[in-house]
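Trainee: I am new to this structure. Please pick a single part, look at it closely, and then show me how the rest of the chain fits around it.

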Amino acid sequence: MTNIYVAIAILYRDGKFLCQLRDDVPHIRYPGHWALFGGHMEPEETPEVAVLRELKEEISYAPPSVSFFCEDVEGDVIRHVFHAQLDVDVNDLVLLEGWDLKLLTPEEIRAGKCFSQQSGDVRPLGVAHQRILLNFIADVEGRSQRS
């Protein structure tokens, strides 16, 4: 089995997390699900370079820098997960890949689903993406309680 390496970003603003509603096509993972932005790493590309490139390609925006959060393994997919503050208004983003984008609340992430204006219905979060976001939220909450 050949592993698939991807780099994804947790972008947050005002206590909410930017997610993409993935296209509803059968040949991709989590079709029609909410997920984090990012994608496949090119050969010889570092995860950090890959995530910044993917963000530019998908929403015409990349933060000045990203910080590593974790590596998430789901079967043959190895996700390098980064995080950064979203420095622009979500309305200033240009969605170039996917069906919809939205800032999801922690409550929507915990529920594992969210309404999409574009699809006109409630769509689930990808299982791996929900797990990553819940771990990130717990990590942030844990750090704030310790300080």
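**Helix α3 and its surroundings**

Mentor: Start with helix α3, whose buried residues (under 20% relative accessible area, 1.4 Å probe, protein chains only) pack against six elements: β1, β2 (16-21), β3 (34-35), β5 (67-74), β6 and α2 (106-111). The model is predicted, so local features need pLDDT of at least 70 and side-chain atom pairs count only at pLDDT 80 or more, while totals for chains, interfaces and linings use all residues. Residues are numbered from 1 along each chain as its sequence is written, and side-chain values use heavy atoms, with hydrogens and water left out.

Which residues of α3 are buried? The set is Ala128, His129, Gln130, Ile132, Leu133, Phe136, Ile137 and Gly142. There is a general point about helices to keep in mind. An α-helix has 3.6 residues a turn, so residues three or four places apart point the same way.

Now check the length of α3. The helix covers residues 127-146, which makes 20 residues. At 1.5 Å a residue, the expected span is 28 Å (1.5 Å times one less than the number of residues). The end C-alpha atoms lie 29 Å apart, which agrees.

Next, place α3 in the whole protein. There are three helices and nine strands, taken as DSSP runs (helices H or I, at least four residues; strands E, at least two; numbered from the N terminus). In order from the N terminus, the elements read β-β-β-β-α-β-β-β-α-β-β-α. The radius of gyration, taken over C-alpha atoms, is 14 Å. The globule rule (2.2 Å times the number of residues to the power 0.38) gives 15 Å for 147 residues, so the protein is as compact as a globular protein of that length. Along the principal axes, the C-alpha atoms fill a box of roughly 40 × 40 × 30 Å. Of the 147 residues, 46% count as buried. Contacts (heavy atoms within 4.5 Å) often link distant parts of the chain. Among those with a separation of 6 or more, 63% join residues 24 or more positions apart.

One strand that α3 packs against is β6, so look there next. Phe82 sits in β6. Is Phe82 buried or exposed? At 6% relative accessibility, Phe82 is buried. Leaving out residues up to four places away in sequence, Phe82 touches ten residues: Ile8, Ala9, Ile10, Pro47, Glu48, Val51, Val66, Ser67, Phe68 and Phe69. Val51, one of these contacts, is 31 residues from Phe82 along the chain, yet their C-alpha atoms are 7.8 Å apart.

Pro47, also on that list, leads into helix α1. Pro47 is partly exposed (between the buried limit and the exposed one, which is over 50%), at 23% relative accessible area. Beyond four places in sequence, Pro47 touches Ala7, Met41, His80 and Phe82. From Pro47 to Val6 is 41 residues in sequence and 7.4 Å in space, C-alpha to C-alpha.

Stay in α1 for two more residues. Ala50 belongs to this helix, and its relative accessibility of 0% makes it buried. Apart from neighbours within four places in sequence, Ala50 contacts Ala7, Met41 and Glu45. Ala7 and Met41 are also touched by Pro47. Gln118 is another matter: 68 residues from Ala50 in sequence, with 27 Å between the C-alpha atoms.

Leu52 is in α1 too. With a relative accessible area of 22%, Leu52 is partly exposed. Setting aside residues up to four places away in sequence, Leu52 touches Ala62, Pro63 and Val66. Val66 is touched by Phe82 as well. The C-alpha atoms of Leu52 and Leu86 are 13 Å apart, with those positions 34 residues apart along the chain.

Finish with two loop residues. Asp14 lies between β1 and β2, two of the strands that α3 packs against. Its phi is near 55°, a positive value in a residue other than glycine. Asp14 counts as exposed, at 69% relative accessibility. Ser60 lies in the loop between α1 and β5. Ser60 is not a glycine either, and its phi is positive, about 55°. Its relative accessible area is 39%, so Ser60 is partly exposed.
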